[in-house]
Amino acid sequence: MTLTQMNYIITISETGSLNKAAEALYISQPSLTNAVKELEKELGIIIFNRSGRGVTLTNDGTEFLMYARQIYGQYESVVEKYSEGGSYKKKFGVSTQHYSFAVKAFVDMVQKFDVSEYEFAIRETKTADVISDVSTMKSEVGVLYLSDFNRKALLKLLHSANLEFHHLIDCQAYVYLWKNHPLANEKSISYSQLAKYPCLSFEQGDKSSFYLSEEILSTNEYSRTVKASDRATMLNLMVGLNGYTLCSGIICEELNGSDYLAIPFEGDEQNQNSDMEIGYITRKNSILSKVGNLYVSSLKKYLEQNTVSVE
């Protein structure tokens, strides 16, 4: 097994395609395919499932990738420290559910560094991907929430992925909608008032479950639902369809604009408001890098200053 082969596996996992990986690595696809087969034979495992849609990691492949990232990352650090005139950039990544405050904290953190010396990445993505990204060290930090409903299931997933959850803040759920919505002037909004408006939620993929939802009351029966995969589309649907979503209420107006409101959700016996515990996840027993510590500090600072703000 060589460092080159490890780099091949890391690149394939990031591109999801042998063709794209071969292009990025400047080698032919047959050569890349043979290198992967030789490594799989040497290790006695199958690293990738191959299909017409591309390649995906097997369970064994996911575990191998975790170790490969660690080893190859250490190699890159050695190259950076001891080579002269090298162009290697330090890497730092964050994976998060769709929270504008997580993006704002990222912006504040990046501004403290010379971007020419770092390769920064932030990924607003599905809940399962947040967990996977941190588990495989694609990202150093992940941001998500726990509630009474999803806590047991998510903590089990985190434990299986060798991850731990760190508390940041507790909050109640809010109804998030645009400023000209018919309910925009309400002091609080109940579930029954929302019945005739589309409920917007973030798509969680083919393997999604209620526990992976980013919104509370995910098991409720909604007469009208629309799913989106990104925050910008979600905001457009709020305007175009008078849609709404249920969120933390901690929103960055600087990024989302001033055309949206977060109004307290008024629970009842059947549809209770839920405490949302927002936090970040890291690998167990890991020590955050300098950049990671600064990102978490930026998160804490923003949340402390905006606990009653709206997204």
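**Exercises on a predicted model**

**Exercise 1.** Decide whether Tyr-67 is buried, partly exposed or exposed in this predicted model, then place it in its surroundings.

Solution.
- Step 1. The relative accessibility of Tyr-67 is 42%.
- Step 2. Buried means under 20% and exposed means over 50%, with partly exposed in between. Tyr-67 therefore counts as partly exposed.
- Step 3. Tyr-67 sits in helix α4, which covers residues 59-82.
- Step 4. Together with Leu-3, Ile-71 and Tyr-75, Tyr-67 makes a nonpolar surface patch of about 350 Å².
- Step 5. The element that gives the most to this patch is helix α4, with 3 residues.

**Exercise 2.** Describe the span that UniProt annotates at residues 1-58.

Solution.
- Step 1. An unreviewed UniProt entry lists the feature "domain: HTH lysR-type" for residues 1-58.
- Step 2. In the model, this span is 62% helix and 14% strand.
- Step 3. Between the end C-alpha atoms of residues 1-58 the distance is 19 Å.

**Exercise 3.** Find how many disulfides the structure holds, and explain the case of Cys-247.

Solution.
- Step 1. The count of disulfides is 0.
- Step 2. Cys-171 takes part in no disulfide, and the nearest cysteine sulfur, in Cys-247, lies 8.6 Å away.
- Step 3. A disulfide needs two cysteine sulfur atoms within 2.5 Å. For Cys-247 the closest cysteine sulfur is that of Cys-171 at 8.6 Å, so the separation is too far for a bond.
- Step 4. Cys-171 has a relative accessible area of 11% and is therefore buried. Cys-247, with 9%, is also buried.

Notes: Residues are numbered from 1 along each chain as its sequence is written. This is a predicted model: local features need pLDDT of at least 70, side-chain atom pairs count only at pLDDT 80 or more; totals for chains, interfaces and linings use all residues. Side-chain values use heavy atoms; hydrogens and water are left out. Patches are made of residues with over 30% relative accessible area and no salt bridge: like charges are joined within 9 Å, nonpolar side chains (Val, Leu, Ile, Met, Phe, Trp, Tyr) within 5 Å. Accessible areas come from the Shrake-Rupley method with a 1.4 Å probe; for residues, only the protein chains shown count as cover. A salt bridge is a side-chain nitrogen of Lys or Arg within 4 Å of a carboxyl oxygen of Asp or Glu. Helices (H or I, at least four residues) and strands (E, at least two) are DSSP runs, numbered from the N terminus. Buried means under 20% relative accessible area, exposed over 50%, partly exposed in between (1.4 Å probe, protein chains only). UniProt positions are given in the numbering used here, feature names are shortened, and annotations may be inferred rather than shown by experiment.
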